[in-house]
Amino acid sequence: MREKFDAIVVGAGPAGNAAAYTMASAGMSVLQIERGETPGSKNVQGAILYADALERIIPDFRDEAPLERYLIEQRFWMLSDDAYVGSTYRSEAFNRPPYNRYTIVRAQFDKWFSKKVQEAGGLVICETTVRELMFDGDRVAGVRTDREGGAIYADLVVLADGVNSTLAVKAGFHPELKPKDVALAVKETLFLAPEVIEQRFNLKGEEGVAIEMGGNITQGMVGTGFLYTNRETLTIGVGCLLSDFAQQKIPPYVLLEQMKTHPAIRPLLEGTELKEYVAHLIPEGGYNAIPKLYGNGWMIVGDSAGLVNSVHREGSNLAMTSGRLAGETVIELRAAGKALNTANLALYKRKMDESFVMKDLKKYRRLPDVLHKNPQFFTAYPELLNGAMHQIVSVDGTDKKSKEREVRRSFGQRRGLFGLMGDAFKLWRAFE
Amino acid sequence: MHIVVCIKQVPDSSQIRVHPVTNTIMRQGVPAIVNPYDLFALEEALRLKDVYGAHVTVLCMGPPQAEAALRKAISFGADDAVLVTDRAFAGSDTLATSFALASTIAQINKNMAIDLVFCGKQTIDGDTAQVGPGIAKRLDLQLLTYVSQVETVDTERRDIIVQRRAEGGVQVLKTRLPCLITMLEGTNEMRFATQAGIFRAARHPVKIWDKTAAGIEDPAKIGLKGSPTVVSKVFAPKPKTIKAELITCESDTPKDLAVTLIAKLLTQNPNLETAIGKGAR
């Protein structure tokens, strides 16, 4: 029997689920194909859920989604080898519902999200890999899976197959990822009794903390680390550009192990037991690496389209939003009786351009290049900042003016006056 | 021919962890799989279907989420699926489980007479190998355990010939139908589901039966009440760690290596020399 659907969504991550849910809720016949054993079994994230993006898809998700802790505190740390300077923002405003950000365990969260897709009428099949797109002329007419009799037809295919998007590459929709446009992140999930987490991080009930880190932990590579509190686990991870890993020849697990021994981090992990170790690629190419988002009979969403804001560590919300907008585009076009061809699907791009997704990515479009060419932001500055703090905080009989002079001298010596001004200009341009 | 295959959904033991504080198994986040032994039973049943033609019904007792195990079986080629699920079954040991399954199989038999019942050798979470034989006894079926291959089934003469792995060899046994077979592991390889099978599995209406539908009248025979087995204590044995030792030897001729190794063994276990001496005499 020939299987034919209104839409096929390839992949059951946040982007795929958002697209499938949106279309299925509107009464379209939707098939979602997932490679993993269950939805979420292959998905990896830090993971922080940004409520807003999901709320626009499933307004009452808080009542039923498996959430770990809502974040009331955010710390930023800049680490040298044996110190860190940082800032903390903690607010009671984050302690009042509706909460803004949550930590989640993706294996559980994704399973729930997929259940919502199924409840909305979507047909979800797992353990099935889409090998290639099927074409009718230049129009995508369906997909071919790895199973016998695996030709499945649809009016539209949404590519949500993740960061590598082998399907899009194979179809020539975008070039193969370059090592400089992708980060390799490794993460451990560590068990720790909830009481201990709450005591150690100054939390109560379902409150949580997120710590984002930069500096010497990445050993000169472009990247960042993180530590998040879940209900009864901590997740700790670090990610750096793949090209840097390749160049420096530091195995990712060694980097993470060394990061865990940092004097600021080690005490937070004391008494934990390793539950899970995962690794994943993160698209970091930013705005300039985004491929064409649509074509005749297809759209591309989420990580597959490289929609990650590496500055703010946001990705899943961009993914969900792109999935939702792709879904809404199709619903609008169908309601107007329009074909799902290249000209009409341009509506998706317009919706994306109007949303925070493209606006934010565009804002930081210069950053990947700046960071790549200026490793001092990850090496010299963390040390200089920590050294400066040490000068200012320690009391040793030196007068304050001399201390300030010493701080200025240390910065000037490492970067030079023009270097400092240049760095400031580059950062200003990149964040402008 | 009507074949019933009993399967169980179990936690993936390769991914299981013991809670460091409570010492209980952490099921949260641990993926559930079809008991691997049961897949050999299912595949053998599907092979019989390929050869002789058969209606294969898969049966599972467990919580509502065990439906996933049945859908998986359908994707491979089973025709129908029954999930028998009821809060009253909670806490069932092998006695109560075999009672509940036997009763359910009797109900299935009323709609379509059963020729063969397949079970896996045992489950990976219980390791008892008691439920299959328990069902056979209750339903008065011929019982063949540790079967490695079904040779022939003759539905006219109502008999079956199988190979059974026994100590020191293989027995070729013939018995009459209906019978219950527990299938040995490693004897066949589960097929790769076709795309049509995957679609059928996703759409098939799995029959969900409670204890009444399963024909169970006496609640004292199921669940905790019907289970004389008591788990009195659960604990995780302390992992034993022995440090590996690198034995260095200046020469690398086989003889010198052997002598160094033997010398090391004898110094560490002084009694060994006497024991070997006694043996030699």
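**Two chains and their domains: a predicted complex**

Good morning. I begin with chain A, where the C-alpha centres of domain 1 and domain 2 lie 28 Å apart. The domain bounds come from an automatic or database domain assignment. What I present is a predicted model, in which local features need a pLDDT of at least 70, side-chain atom pairs count only at pLDDT 80 or more, and totals for chains, interfaces and linings use all residues. Residues are numbered from 1 along each chain as its sequence is written, while chains are lettered from A and ligands numbered from 1 in the order in which they are written.

A word on confidence. The predictor gives the complex an ipTM of 0.83 and a pTM of 0.86. For chain B, the average pLDDT, which is the predictor's confidence in each residue from 0 to 100, is 91. In that chain, 95% of the residues score at least 70. Where pLDDT is low, the predicted coordinates should not be read in detail.

Let me return to chain A. Its assignment gives domain 1 (3–65 + 104–175 + 291–363), domain 2 (180–283) and domain 3 (368–431). Between domain 1 and domain 2 of chain A, 11 residues of the former are in contact with 14 residues of the latter; contact requires that the C-beta atoms of two residues, placed from the backbone, lie within 7 Å.

I shall refer to helices and strands by number: helices (H or I, at least four residues) and strands (E, at least two) are DSSP runs, numbered from the N terminus. How far apart are the end C-alpha atoms of helix H9 (residues 316–335) of chain A? They are 28 Å apart, which agrees with the span that its 20 residues should have at 1.5 Å a residue. The expected span is 1.5 Å times one less than the number of residues. Of the 20 residues of H9(A), 14 are buried. A residue is buried if 20 or more other C-beta atoms, placed from the backbone, lie within 10 Å of its own, exposed if 12 or fewer, and partly exposed in between. Just after H9(A), Gly337(A) takes a positive phi of about 70°.

Two other residues of chain A have a positive phi without being glycine: Ser165(A), near 30°, and Arg313(A), near 55°. Ser165(A) is in the loop between strand S10 (151–159) and helix H4 (166–171) of chain A, and Arg313(A) is in the loop between strand S17 (298–300) and H9 of chain A. Are they buried or partly exposed? Ser165(A) counts as buried, because it has 26 C-beta neighbours inside 10 Å. Arg313(A) has 15 such neighbours and therefore counts as partly exposed.

I turn now to chain B. Nine of its strands form an open sheet in the order S11-S10-S9-S12-S8-S1-S6-S7-S13, with mixed pairing. The edge strands are S11 (169–176) and S13 (207–209), each of which pairs on one side only. From one strand to the next, the twist averages 30°; axes are lines fitted to C-alpha atoms, for helices over the stretch in contact, and angles run from 0 to 180 degrees between N-to-C directions. Helix H2 (residues 67–76) of chain B packs on this sheet, touching S1 (2–7), S6 (55–61) and S7 (80–84), and its direction makes about 165° with that of S7(B).

Strands of a sheet pair through backbone hydrogen bonds, either parallel or antiparallel. Two strands count as paired if DSSP finds at least two bridges between them. S1(B) and S6(B) run parallel and are joined by six bridges, with His2(B) opposite His55(B). S6(B) also pairs with S7(B) in the parallel sense, over five bridges, and there Met61(B) stands opposite Val84(B). Six of the seven residues of S6(B) are buried, so this strand is largely enclosed by the rest of the structure. By contrast, S9 (residues 142–154) and S10 (residues 159–166) of chain B run antiparallel, joined by six bridges.

Helix H3 (residues 94–111) of chain B has buried residues that include Phe99(B), Leu101(B) and Ile105(B). The buried residues of H3(B) pack against S1, S6, S7, S8, H4 and S13 of chain B.

I close with the domains of chain B: domain 1 (2–221) and domain 2 (242–281), whose centres, taken over C-alpha atoms, are separated by 51 Å. In helix H6 (residues 254–268) of chain B, the number of buried residues is zero, so H6(B) lies largely in the open. Thank you.
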